[in-house]
Every structure is written in structure tokens, then in C-alpha cells.
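Reader: I have a few questions about how the words used for a structure are justified. Could we go through them with the model in view?

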Amino acid sequence: MAEYLTADNFKEKVTEAKGTVLVDFFATWCGPCKMIAPAVEQLSADFGGRAAVYKLDVDEAQEIAQAYRVMSIPTLIFFKDGKESERIVGAVSQMELKEAMERNL
């Protein structure tokens with residue numbers, strides 16, 4: 001299951017992390033976010049051990065969402081060794097997410 005990030009642990013878990021990290025910027029009230037949530041959870045299960053998958057509630061960590069210029073949600077940002085490597089905005093299919101994860105490993 002994807003772990004939830006906070007402003008307190010974002011730096012440690014994402015920008016200081018080695019390897020591939022996916023952060024799902026979402027909000028609890030966001031319909032498209034709810035639509036892709038199962039796909040994000042599946043990525044967490046499928047790529048466990050090879051990549052970290054986290055969720056960040058933009059309402060609870062607005063400063064991080066602003067720092068990464070997250071203008072609409074869901075926004076999924078892939079990081080490699082702490083640097084942004086790819087960004088997906090909007091609800092996409094499970095297959096598109098899986099292909100993006102494979103590109104970023």
C-alpha cells in the first residue's frame with residue numbers, strides 16, 4: 001500500500017532518496033484522484049522493492065504542491081535520485097502508469 005507523505009518527511013523520502021520514487025499529488029475531494037487510486041496502489045504492489053510509491057494530500061501539504069508547481073490534480077511526479085524525471089497530469093490508465101514507471105526505473 002502506498003505510504004502517505006507529509007511536509008515533515010517529504011525531503012527524506014523523496015528528494016534525498018536514491019532510486020525511483022513516484023509521488024501521487026491528490027486531494028480527498030478529487031474525483032479523478034479517486035479513479036486512479038487503485039492503479040497507484042497496484043503500482044505500489046507491482047514495483048515494491050524496485051521503486052517507492054507515495055501519496056501526498058495537497059490540502060495538507062500546500063507548500064510542497066506549490067514548490068513543485070502542481071496546478072491540477074491528480075499529478076503524478078516520478079523522481080530519480082531526488083530529481084523530477086517525469087510528470088503525468090490527470091487521470092490515466094493503469095497501463096500508462098505502468099509504462100511510465102518502467103521508463104523511470
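Reader: What makes M95 and R103 of helix 4 count as exposed?

Author: In this predicted model, exposed requires over 50% relative accessible area. M95 and R103 are classed as exposed, and they sit on the face of helix 4 turned away from its buried side.

Reader: Which residues make up the buried side of helix 4, and why is it called one face?

Author: The buried residues of helix 4 are L97, A100, M101 and N104. Seen down the helix axis, they fall within an arc of 100°, so they line one face of helix 4. The cover over these buried residues includes strand 2, helix 2, strand 3, strand 4 and strand 5.

Reader: Why is strand 4 called mostly covered?

Author: Buried means under 20% relative accessible area. In strand 4, 5 of the 6 residues are buried, so the strand is mostly covered.

Reader: How do you know that strand 4 pairs with strand 2 and with strand 5?

Author: Pairing needs at least two bridges. Strand 2 and strand 4 are joined by 6 bridges and run antiparallel; one of the partnerships is F25 with T75. Strand 4 and strand 5 are also antiparallel, over 6 bridges, and K80 is partnered with K83 there. Both pairs therefore meet the requirement of at least two.

Reader: What lies between strand 4 and strand 5 in their hairpin?

Author: There are 2 residues between the strands, and D81 in the turn has a positive phi of about 50°.

Definitions and conventions
Residues numbered from 1 in each chain as written. Predicted model: local features only at pLDDT ≥ 70, side-chain atom pairs only at ≥ 80, totals over all residues. Heavy atoms only, no water. Buried < 20%, exposed > 50% of the residue type's maximum accessible area, 1.4 Å probe, protein only. Helix = DSSP H or I, 4+ residues; strand = E, 2+ residues; numbered from the N terminus. Arc of directions from axis to C-beta. Contact = heavy atoms within 4.5 Å.
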